[in-house]
Amino acid sequence: MDRAAIEVADERPRAPARVSQPGTRRAVRDVSVPISPSVRVPTAASERAVAAMVEGLERSGVSDPDVLSAMRAVPRHLFVEAGLSGRAYEDVALPIGHSQTISRPYTVARMLELLAAGIDPARRARCKVLEIGTGCGYQAAVLARVFGEVISIERIRGLHERARANLRTLRLANLRLVYGDGRVGLPEQGPFDLVIAAAAGDQIPTVWLEQMASGGILLAPVAAASGQALHRVTRKGSSNWTLQVLDAVRFVPLRDGLA
Ligand code: SAH
């Protein structure tokens with residue numbers, strides 16, 4: 001297959017939605033410190049912080065009810081280091097070790113809303129999703145609350161293992177983690193209705209396009225000299241894909257091989 005097979009439907013970058021979050025800072029200031037790194041219980045304060053985070057997402061233009069309820073349900077404080085859990089519901093990226101970050105809540109919600117757009121609720125429950133770049137596992141958990149089956153792949157063993165530990169208490173039976181190089185996708189598990197990448201390459205690997213189901217959607221940041229932009233590809237048929245270039249974004253780079 002040839003990259004030229006991708007028809008460009010709309011190359012104009014759109015301005016990212018504005019993020020304003022009055023109130024969030026005040027609400028998260030009194031989140032309790034976890035009682036131990038392995039036992040982190042939700043408190044009334046963290047419930048208020050979650051509610052403030054979700055209100056901030058709504059003010060920023062996120063409106064998909066499934067996405068908002070998944071963002072409300074997945075406890076982000078389980079995925080950040082214990083010392084940072086007081087900041088878990090701020091709309092910021094935070095370090096997760098190995099020079100990687102957990103994405104901002106707005107980025108996760110916006111990506112999921114773009115992925116889910118136009119898919120009715122009954123079909124969402126039947127969608128099989130491939131996520132490239134598990135990181136700490138947060139977005140994978142949110143995906144598993146919106147879609148039927150999620151397989152997430154990570155190239156850094158330490159992060160893959162951390163994600164497994166972070167996700168244990170959530171018991172998401174429809175989420176599977178794989179340690180491997182996501183640049184080659186997961187040919188033996190495909191085709192995928194949805195593919196979502198959390199790391200930016202300088203182009204979309206052809207194998208990802210080949211692993212999409214017909215009618216499937218792929219969302220991935222792509223790096224260019226002018227910066228990164230979110231690319232949304234729809235597979236229209238066996239050799240017909242269309243591309244839309246959406247928001248300007250900033251993701252970590254998509255890397256080769258295992259670490
Ligand atoms: N999804 C995460 C964010 C992860 S950051 C969240 O919920 O916040 C992006 C991740 O992509 C990093 O963990 C990085 O190691 C991973 N990554 C980069 N290149 C990769 C590759 N080729 N295969 C799999 N994972 C990759």
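Colleague: Let's start with the hairpin of S2 and S3: which residue in the turn has a positive phi of about 55 degrees?

Modeller: Happy to look, bearing in mind that this is a predicted model. Strand S2 (residues 94-97) pairs with strand S3 (residues 100-102) in the antiparallel sense, over 3 bridges, and leucine 94 has isoleucine 102 as its bridge partner in S3. The hairpin leaves 2 residues between the strands, and the one in the turn with that positive phi is histidine 98.

Colleague: Staying in that loop, is serine 99 buried or exposed?

Modeller: Serine 99 is found in the loop between S2 and S3, and its phi is near 60 degrees, a positive value in a residue other than glycine. Buried would need under 20% relative accessible area, while exposed means over 50%. The relative accessible area of serine 99 is 71%, so this residue is exposed.

Colleague: Where does arginine 171 lie, and is this residue buried or exposed?

Modeller: Arginine 171 lies in the loop between helix H7 (157-168) and S6. Although not a glycine, arginine 171 has a positive phi of about 45 degrees. With a relative accessible area of 72%, arginine 171 is exposed.

Colleague: Now for strand S4 (residues 128-132): how many of the residues are buried?

Modeller: Take the two faces in turn. Lys128, Leu130 and Ile132 point one way from S4, Val129 and Glu131 point the other way, and all are buried. The strand is largely enclosed by the rest of the structure because the number of buried residues is 5 of the 5.

Colleague: Which residue in S5 stands opposite valine 129?

Modeller: S4 and strand S5 (residues 149-154) pair in the parallel sense, with 5 bridges between them. The chain gets from S4 to S5 through H6, in a right-handed β-α-β crossover. Opposite valine 129 in S5 stands valine 150.

Colleague: And which residue in S7 stands opposite isoleucine 132?

Modeller: S4 also runs parallel to strand S7 (residues 192-197), and 4 bridges join the two. Isoleucine 132 belongs to the group that points one way from S4 together with Lys128 and Leu130. Its opposite number in S7 is alanine 197.

Colleague: Turning to the helices, how do the residues of the contact of H4 with H6 divide into nonpolar, polar and charged?

Modeller: Helix H4 (residues 105-116) and helix H6 (residues 138-146) pack at an angle of about 35 degrees, with their axes 11 Å apart, and H4 passes H6 in a right-handed crossing. H4 brings Val108, Met111, Leu112 and Leu115 to the contact, while H6 brings Tyr138, Gln139, Val142, Leu143 and Val146. The division comes out as 8 nonpolar, 1 polar and no charged.

Colleague: What is the omega of the peptide bond that joins glycine 190 and proline 191?

Modeller: Proline 191 lies in the loop between strand S6 (175-179) and S7. Leaving out residues up to four places away in sequence, proline 191 touches Lys128, Gln211, Met212 and Ala213. The bond from glycine 190 to proline 191 is a cis peptide bond, and omega is about 0 degrees.

Colleague: How many Å apart in space are proline 191 and leucine 130, C-alpha to C-alpha?

Modeller: Leucine 130 sits in S4, where this residue is buried. In sequence, proline 191 and leucine 130 are 61 residues apart. In space, their C-alpha to C-alpha distance is 9.2 Å.

Colleague: Through how many residues does a hairpin join S9 to S10?

Modeller: Let's come in from S7, which pairs with strand S9 (residues 212-224) in the parallel sense over 4 bridges, with phenylalanine 192 opposite methionine 212. S9 is joined to strand S10 (residues 227-237) by 8 bridges, and these two run antiparallel. One bridge pairs alanine 223 with glutamine 228 in S10. The hairpin that joins S9 to S10 does so through 2 residues.

Colleague: Last one: does glutamine 203 count as buried, exposed or partly exposed?

Modeller: Glutamine 203 is placed in the loop between strand S8 (199-200) and helix H8 (206-210). Glutamine 203 and alanine 220 are 17 residues apart in sequence and 9.3 Å apart in space, C-alpha to C-alpha. The relative accessibility of glutamine 203 is 40%, so this residue counts as partly exposed.

Technical notes. Residues are numbered from 1 along each chain as its sequence is written. This is a predicted model: local features need pLDDT of at least 70, side-chain atom pairs count only at pLDDT 80 or more; totals for chains, interfaces and linings use all residues. Side-chain values use heavy atoms; hydrogens and water are left out. Axes are lines fitted to C-alpha atoms, for helices over the stretch in contact, and angles run from 0 to 180 degrees between N-to-C directions. A crossing is left-handed if the near helix is turned anticlockwise from the far one by less than a right angle, and right-handed if clockwise. Contact means heavy atoms within 4.5 Å. Ala, Val, Leu, Ile, Met, Phe, Trp, Tyr, Cys and Pro count as nonpolar, Asp, Glu, Lys and Arg as charged, and the others, Gly among them, as polar. Buried means under 20% relative accessible area, exposed over 50%, partly exposed in between (1.4 Å probe, protein chains only). Two strands pair if DSSP finds at least two bridges between them. A crossover is right-handed if, with the strands pointing away from the viewer, the path from the first strand over the helix to the second runs clockwise.
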